[in-house]
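Here are some notes for a colleague who has not yet looked at this structure. Please read them beside the sequence and the model.

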Amino acid sequence: MLVEQLATAGVVGAGGAGFPTHVKLTTGKPDTLVVNAAECEPLLHKDKEVLVHYPEQFFAGLNAAAQLANVENIVIGIKRKYADVIEVLQQHLPKKKSGKVTVNITGLDDVYPSGDEFVLVYETLRRVIPPGGLPSAVGAVVMNVETVYNTAAACDAKNPQPVTEKFISVAGDVAHPCSLRVPIGIKLSECVAAAGGTTITEPAFVIGGAMMGYVETNLNKPVTKTTGGIIVLPKTHFIVQRKLWDWQRISRVGKASCDQCSFCTELCPRRLLGHPIEPHRAMRSLGFNLSKQSDVPGTVFCCACNLCSYYSCPEGLDPQSVCGENKQRILAEQRKSGKRWENPPFLPERAENVLPNRKTPTQRLIQKIGLASYKNKAPLAERLVETNAVEILLRQHIGAACVPIVKVGESVSKGQVIAIRPVVDGKPALGADIHSSLAGKVSAITTESVCVQI
């Protein structure tokens, strides 16, 4: 029953690619639920704000998730430096009783990328997920803080609520860096305005986080279930400029300047877990020109954290993008041939022997990428940000795009289902239903979205 509630409530991973939560919690046989409260992207704080302001709902979500995943052990991974948040959590920890779920808090080092689920599982459980594997391979299931919050709302026995709102952080060059609760489908520009607007004349907007986000030039784009933050920076900022490099420049500069120091490999988080990824070999492959000869198989295990490109490389090159390009070629070839890579041998003992001495301190990273001058706090605004129109995308998750079930001109209420998962071979496709975040009328329907206006 709860499984279908999650699906019809539209609950998907709020901190990553949007994997449907009802599928994640019912796949495999995990023994532990790991909550990702690391929030390691610089300047983003919305998950910690959720924990501080909504602890009761968070723990209700944990109970529901544990029931669905059939686990009795829950571990919350959060950086030790957030002592105030940990104190709030400890006050709400359920008392250990026979036959009940136990919840423990594991303090994490203040390093990047502590929020990568592979790193998180190791730091909390001392288990190394194999290359190309999932947390379920080592008996774990990982959930983001906001996903747990949404699970509680969806599984509330008295008043179940679908996902119609999103928590985001707005930081950088804005008047009031903050975390916001906004309707899904609201314009990015309205979120920036709710933070007091920009404080510079030529801003650029990084969506999702300084390290793994992307530059967005169209602020009429809507917030989705997976939008985590908006970082406002000058157009000339290092982060913005690097994200705008095209492949021709990345390849040309990398081919000419890489001296094979291998710092990118030696500090790679996945490499430190024992995975067979070697970014310096991908850089070396740039000189081979012919794609097949230049493929470096280990690049398929790159998590795109950008640590190699923004921090490790002394030449300011872009190994991550080279790994990404290489990875896409390999995956395209595998799709064409119908074959998937075989998980290669790896060295899990490397994590114990090497990882502790090669972690990247967050403060050093912030200094290196030019964010040290920005306010590194984002308190949660009390009220929901209001708007009179939203554009709700039909694909906000991994899987098939949803199919609209409303018509232009139709009146809808907040929380009403407006698009459902398509049926494939008699079963709903991978995905989660989508709901209106406003009470109003459907003003437009396209192949990509449903627009609702008050």
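1. Is Glu39 buried or exposed? The model is a predicted one, and in it Glu39 is buried, with a relative accessible area of 11%; the cut-off for buried is under 20%. The residue sits in the loop between E1 and H3. Its backbone deserves a look as well, since phi of Glu39 is near 40 degrees, a positive value in a residue other than glycine.

2. Asn306 can be read in a similar way. Its phi is near 70 degrees, again positive in a residue other than glycine. The loop that holds Asn306 runs between helix H14 (291–294) and H15. With 8% relative accessibility, Asn306 counts as buried.

3. A further backbone point concerns Pro113. The peptide bond that joins Tyr112 and Pro113 is cis, with omega at about 0 degrees. Pro113 is placed in the loop between strand E4 (111–112) and helix H6 (117–125).

4. Helix H4 covers residues 55–69. Its 15 residues, at 1.5 Å a residue, should span 21 Å, and the C-alpha atoms at its ends are 21 Å apart, so the expected span and the model agree. The buried residues of H4 are Pro55, Phe58, Phe59, Gly61, Leu62, Ala64, Ala65, Ala66, Leu68 and Ala69. As background to such a list, an α-helix has 3.6 residues a turn, so residues three or four places apart point the same way. Just after H4, Asn70 takes a positive phi of about 60 degrees.

5. The largest nonpolar core has 38 residues, of which Phe58, Leu62 and Ile76 touch the most other members. Two or more residues of this core come from each of helix H1 (2–8), strand E1 (32–36), helix H3 (46–53), H4, strand E2 (73–79), helix H5 (83–92), strand E5 (140–144) and helix H7 (145–154). H4 gives the largest share, eight residues. Apart from this core lies another, of 24 residues, among them Leu43, Tyr112, Leu233 and Cys305.

6. What is Ile76 in contact with, leaving aside its neighbours within four places in sequence? The residues are Val35, Ala37, Phe58, Phe59, Leu62, Leu89, Val103, Asn104, Ile105 and Thr106. Phe58 and Leu62 are thus contacts of Ile76, and these three are the residues that touch the most other members of the largest core.

7. How many disulfides does the structure hold? The count is zero. Two cysteines show why. For Cys264, the closest cysteine sulfur is that of Cys308, 6.2 Å away, which is too far for a bond. For Cys268, the closest is in Cys305, at 6.3 Å, also too far for a bond. The cut-off applied to a pair of cysteine sulfur atoms is within 2.5 Å. Both residues count as buried: Cys264 has 8% relative accessibility, and Cys268 has 10%.

8. Some of these cysteines return at an internal space. There are four cavities of 30 Å³ or more, and the largest holds about 100 Å³ of space. It is lined by 15 residues, and those closest to its centre are Cys268, Pro269, Cys302, Cys305 and Cys308. Helix H12 (269–272) and helix H15 (307–312) are the elements that give two or more residues to this lining.

9. Where does the second largest pocket lie? About 270 Å³ of space is found in it. Of its 15 lining residues, Ala153, Gln161, Pro162, Thr164 and Glu165 lie nearest its centre. H7 and strand E6 (165–172) are the elements that give two or more residues to the lining, and H7 supplies the largest share, four residues. H7 is also among the elements that give two or more residues to the largest core.

10. The last point is about Gly440, which lies in strand E20 (residues 440–445). At 15% relative accessibility it counts as buried. Glu410 is 30 residues away from Gly440 along the chain, and their C-alpha atoms are separated by 8.5 Å. Leaving aside neighbours within four places in sequence, Gly440 is in contact with Glu410, Ser411, Val412, Val452, Gln453 and Ile454.

Notes
Residues are numbered from 1 along each chain as its sequence is written. This is a predicted model: local features need pLDDT of at least 70, side-chain atom pairs count only at pLDDT 80 or more; totals for chains, interfaces and linings use all residues. Side-chain values use heavy atoms; hydrogens and water are left out. The expected span of a helix is 1.5 Å times one less than its number of residues. Buried means under 20% relative accessible area, exposed over 50%, partly exposed in between (1.4 Å probe, protein chains only). A nonpolar core is a set of buried Ala, Val, Leu, Ile, Met, Phe, Trp, Tyr and Cys residues joined through side-chain atoms within 4.5 Å. Contact means heavy atoms within 4.5 Å. On a 1 Å grid over the protein atoms alone, a cavity is a set of points where a 1.4 Å probe fits but cannot get out, and a pocket is an open set with protein on both sides within 12 Å along at least five of seven lines; lining residues have an atom within 4 Å of a point. Grid points are joined across faces, edges and corners, and a volume is the space filled by probe spheres set on the points.
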